[in-house]
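Grab a pencil and work through these short exercises with the structure open beside you. Each task comes with a step-by-step solution.

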2 protein chains.
Amino acid sequence: MVEGKKTVEEVVKSNIQLHKLFAVAPESFTVEGTHATPISNRELSQISSLKNPNGYLGVFQIPKHSEAIVSDWVLVLDGLQDPGNLGTIIRLCDWFGVTDIVCSDDTVDCYNPKVLQATMGSITRVKIHYRNLDIYLQSTSLPIYGTFMDGVNVNNTKLPKKGIMVMGNEGRGISTLVSQLCTDRLSIPQFGGNTTESLNVASATAILLHEIRK
Amino acid sequence: MVEGKKTVEEVVKSNIQLHKLFAVAPESFTVEGTHATPISNRELSQISSLKNPNGYLGVFQIPKHSEAIVSDWVLVLDGLQDPGNLGTIIRLCDWFGVTDIVCSDDTVDCYNPKVLQATMGSITRVKIHYRNLDIYLQSTSLPIYGTFMDGVNVNNTKLPKKGIMVMGNEGRGISTLVSQLCTDRLSIPQFGGNTTESLNVASATAILLHEIRK
């Protein structure tokens, strides 16, 4: 379920199949060949996931994508829980050309409406795989970078052309099991007093993907 | 108004003055010398700004801080609207030692409960000034960096020790008036297909503050 004119239009134009589209003003929906079913604001607010629904709601088939993981760099998410963080991270991967994300089975569902709202359509271009991380990480020959408070300063590290970057849960970070499979430990240097406890995981991901692509 | 045990405790321990503290389990509040008024979960949900209140709510005096802007790098926010973005950016400034943020008068209120929730206590260490940006930016002799889609690649730019970094509104970017006052135009390079429209402003701020501090 995707909401908002711009995002709905973007998903309609992608190869994701539309099941049904509702619009308060169907005549204003501009994608040719798409039929929008009229709906009242009151009806929309009953099915919307938003506090303030904004006129458009599309229901789509969950896309079936290839199981193959082909991105040069793969982002691995270990137990991410916040839908807004996952949505922001999918959008970041789209920006930085990371086409595959591998999530642990206990990561928040990427089709959660709050995730979709935060991706702004990027979910149509990034493949998300839910896997047992223990099995996945043991099967790869790529270097596995994890982010830790006591890791090596990323500014002093030359990153390779291909690899895996692991980001952990908002509260507990990377799990013990997964941290034992990391081949390299990185950190993002803090500046000034040692006061803030941690970077938000989406902020840390922004910085690391930027470093990967430099 | 600040909610959640960890954040309330952090603000109580700062120099911000507590007005009144409510707790469902007052005996579990661990800051010495602080009296918590017992409250039922039902009462708490009536005053809380959260969908799922989590047991603690503190009401504080809005701090009066010095008007002086002393940070080597100053972050300027031009019309930022999303409370979650402002909260994340305050937390980023705390991490990267940027102690002053200057907001345009139309930027979201930094004492909005949703902002405070996202700052995780960083608001006690970062000064936020609301100013007329036209007057403020005309009065400074520091270089003024703005982020634009057509700016110079930040990876090819040597940033000075002191300066001003301007971030724009989520939808329209930096306003015309402010963009004319920028002395340097920067951009964050995209990678892969030119598909995503823009980086989220908090993600872009994370990358730029990281670059400033390198």
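**Exercise 1.** In this predicted model, find out which residue Ile144(A) stands opposite in strand 9 of chain A.

*Solution.* Start at Ile144(A) and look across to strand 9 of chain A: you land on Ile164(A). Next, place the pair in its strands. Strand 8 of chain A covers residues 144–153 and strand 9 of chain A covers residues 163–168. Finally, check how they are joined: the two run parallel, with 3 bridges between them.

**Exercise 2.** Work out the strand order of the open sheet in chain A, and say which strands sit at its edges.

*Solution.* Reading across the 6 strands in chain A gives 7-6-5-9-8-10, and the pairing is parallel. Now look for strands that pair on one side only: these are strand 7 (127–131) and strand 10 (184–187) of chain A, the edge strands. As for twist, neighbouring strands of this sheet are turned by 35° against each other on average, direction ignored.

**Exercise 3.** Which strands of the sheet does helix 7 of chain A touch?

*Solution.* Take residues 201–212 of chain A, which form helix 7, and follow where they pack on the sheet. The helix touches strand 5 (73–78), strand 8 and strand 9 of chain A. Then compare directions: helix 7 makes about 165° with strand 9 of chain A.

**Exercise 4.** Describe the side of chain A that touches chain B.

*Solution.* Count first: chain A and chain B each put 26 residues into the contact. Helix 3 (83–95) and helix 7 of chain A each supply at least two residues of chain A's side. Helix 3 of chain A gives the largest share, 6 residues. Last, sort chain A's side by type: 9 nonpolar, 12 polar and 5 charged.

Notes: Residues numbered from 1 in each chain as written. Chains lettered and ligands numbered in written order. Predicted model: local features only at pLDDT ≥ 70, side-chain atom pairs only at ≥ 80, totals over all residues. Pairing = 2+ DSSP bridges. Helix = DSSP H or I, 4+ residues; strand = E, 2+ residues; numbered from the N terminus. Axes fitted to C-alpha atoms, helices over the stretch in contact; angles between N-to-C directions. Contact = placed C-beta atoms within 7 Å. Nonpolar A, V, L, I, M, F, W, Y, C, P; charged D, E, K, R; others polar.
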